[in-house]
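Take a look at the model below, which is a predicted one. The paragraphs after it go through its pockets, its strand pairing and its nonpolar cores.

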Amino acid sequence: MGWRRQILVGSGNRQRPCNGWSVKATGGTYNRAPNLYELYGDGAFVRPNPDLVWEDGTQWDIGVTWKGQIKSADITATASYFGRRSNNLIEFVMTDPRYGKYFNIGEAEIKGVEVESVIDWNKWNLRMAATWMSAKNTTDGYRKDRQLPNRPKWEGYMRLTRKLFKDDAASAFVELNYIGENYYDSIGTIKMDDILTVGLGFRYSFTKTSRITVGVKDLFDRSPETQMYAVYNGPSRTMWYPLQGRTFYATMTWDF
């Protein structure tokens with residue numbers, strides 16, 4: 001949504017596999033310029049803030065991966081611990097019940113654990129990922145140790161794919177997406193409902209370098225029903241800005 005520029009500088013190291021195990025570690029710095037949407041808003045409910053400055057910080061991750069086979073299934077499993085420290089973090093903040101604006105809120109620290117796996121057997125493929133994340137405002141004197149908005153503590157993903165036809169040129173998939181413990185405001189007093197959505201899709205490969213994918217996200221149109229509620233007391237209510245619901249899509253890809 002608008003022009004965006006991000007500069008990353010980093011390095012990494014991967015140890016060679018030993019009995020199927022390998023270790024990877026990366027680290028570096030980044031700089032991100034505010035995009036046009038963050039600077040000038042949408043002309044309606046997101047107000048402009050042309051005084052935004054670049055966000056910068058450091059980031060790192062360390063993980064361990066196992067690749068092996070159990071019976072006829074090929075398995076890859078990875079567990080990672082990651083972290084990021086940000087300065088002048090650009091974040092969307094509700095300024096009143098109707099309007100919001102992007103601000104440089106100051107310093108922030110994000111850390112978490114991610115576990116993911118891929119299982120292949122015969123014509124089936126299963127991909128799973130689960131993430132726990134702690135995203136805190138660490139600015140002295142300004143909402144220190146409060147949870148950052150729009151950065152859920154829990155996320156989960158699972159996709160099951162079945163190859164079709166004798167040449168495996170086509171495949172169909174069903175996927176689940178979960179988001180839990182997500183705050184709507186910047187002081188951690190308004191939470192959003194946990195949400196689980198279902199998606200379906202079909203992919204066909206014309207050649208090794210071209211394919212088409214069609215599908216639907218949020219099949220049961222659950223996202224617009226998401227509500228927010230007070231952490232301490234108060235009734236739940238519908239979102240000021242309803243989340244995008246059932247969405248149909250089609251993409252065509254060529255690799256060259």
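Which element supplies the largest share of the lining of the largest pocket? Strand 6 does, with four residues. The pocket in question has a volume of about 580 Å³. It is lined by 22 residues, and those closest to its centre are Tyr-37, Glu-91, Phe-92, Tyr-102 and Asn-150. Helix 1 (36-40) and strand 6 (90-94) each give at least two residues to the lining. By class, this lining holds 14 nonpolar, two polar and six charged residues.

The largest nonpolar core can be read alongside this pocket. Its twelve residues are Tyr-37, Leu-39, Val-46, Leu-52, Ile-90, Phe-92, Met-94, Tyr-102, Tyr-184, Met-192, Met-228 and Met-239. Helix 1 and strand 6 are the elements that contribute two or more residues to this core. Strand 6 again has the largest share, here three residues. Tyr-37, Phe-92 and Tyr-102 thus belong to the core and are also among the residues closest to the centre of the largest pocket. In soluble globular proteins, nonpolar side chains tend to be buried together.

One member of the core, Met-192, can be followed through its contacts. Leaving aside residues up to four places away in sequence, Met-192 touches Asn-182, Tyr-184, Thr-226, Gln-227, Met-228, Tyr-229, Met-239 and Leu-243. Of these partners, Tyr-184, Met-228 and Met-239 are listed in the core as well. A second core, separate from this one, has eight residues, including Leu-89, Ile-105, Ala-108 and Met-133.

The second largest pocket has a volume of about 330 Å³. Its lining comprises 21 residues, with Thr-65, Thr-78, Ser-80, Glu-114 and Glu-116 closest to the centre. Five strands each supply at least two lining residues: strand 2 (21-33), strand 4 (55-70), strand 5 (73-87), strand 8 (108-121) and strand 9 (124-137). The most comes from strand 4, which gives five residues. The lining divides into eight nonpolar, seven polar and six charged residues.

Strand 4 also has a place in the pairing of strands. Strand 2 and strand 4 run antiparallel and are joined by twelve bridges; Gly-28 lies opposite Gln-59 of strand 4. Strand 4 pairs with strand 5 as well, in the antiparallel sense, over 15 bridges. Here Lys-67 is opposite Thr-76 of strand 5. Strand 4 and strand 5 form a hairpin with two residues between the strands, where Lys-71 takes a positive phi near 55°.

Methods
Residues are numbered from 1 along each chain as its sequence is written. This is a predicted model: local features need pLDDT of at least 70, side-chain atom pairs count only at pLDDT 80 or more; totals for chains, interfaces and linings use all residues. Side-chain values use heavy atoms; hydrogens and water are left out. On a 1 Å grid over the protein atoms alone, a cavity is a set of points where a 1.4 Å probe fits but cannot get out, and a pocket is an open set with protein on both sides within 12 Å along at least five of seven lines; lining residues have an atom within 4 Å of a point. Grid points are joined across faces, edges and corners, and a volume is the space filled by probe spheres set on the points. Ala, Val, Leu, Ile, Met, Phe, Trp, Tyr, Cys and Pro count as nonpolar, Asp, Glu, Lys and Arg as charged, and the others, Gly among them, as polar. Two strands pair if DSSP finds at least two bridges between them. A nonpolar core is a set of buried Ala, Val, Leu, Ile, Met, Phe, Trp, Tyr and Cys residues joined through side-chain atoms within 4.5 Å. Buried means under 20% relative accessible area, exposed over 50%, partly exposed in between (1.4 Å probe, protein chains only). Contact means heavy atoms within 4.5 Å.
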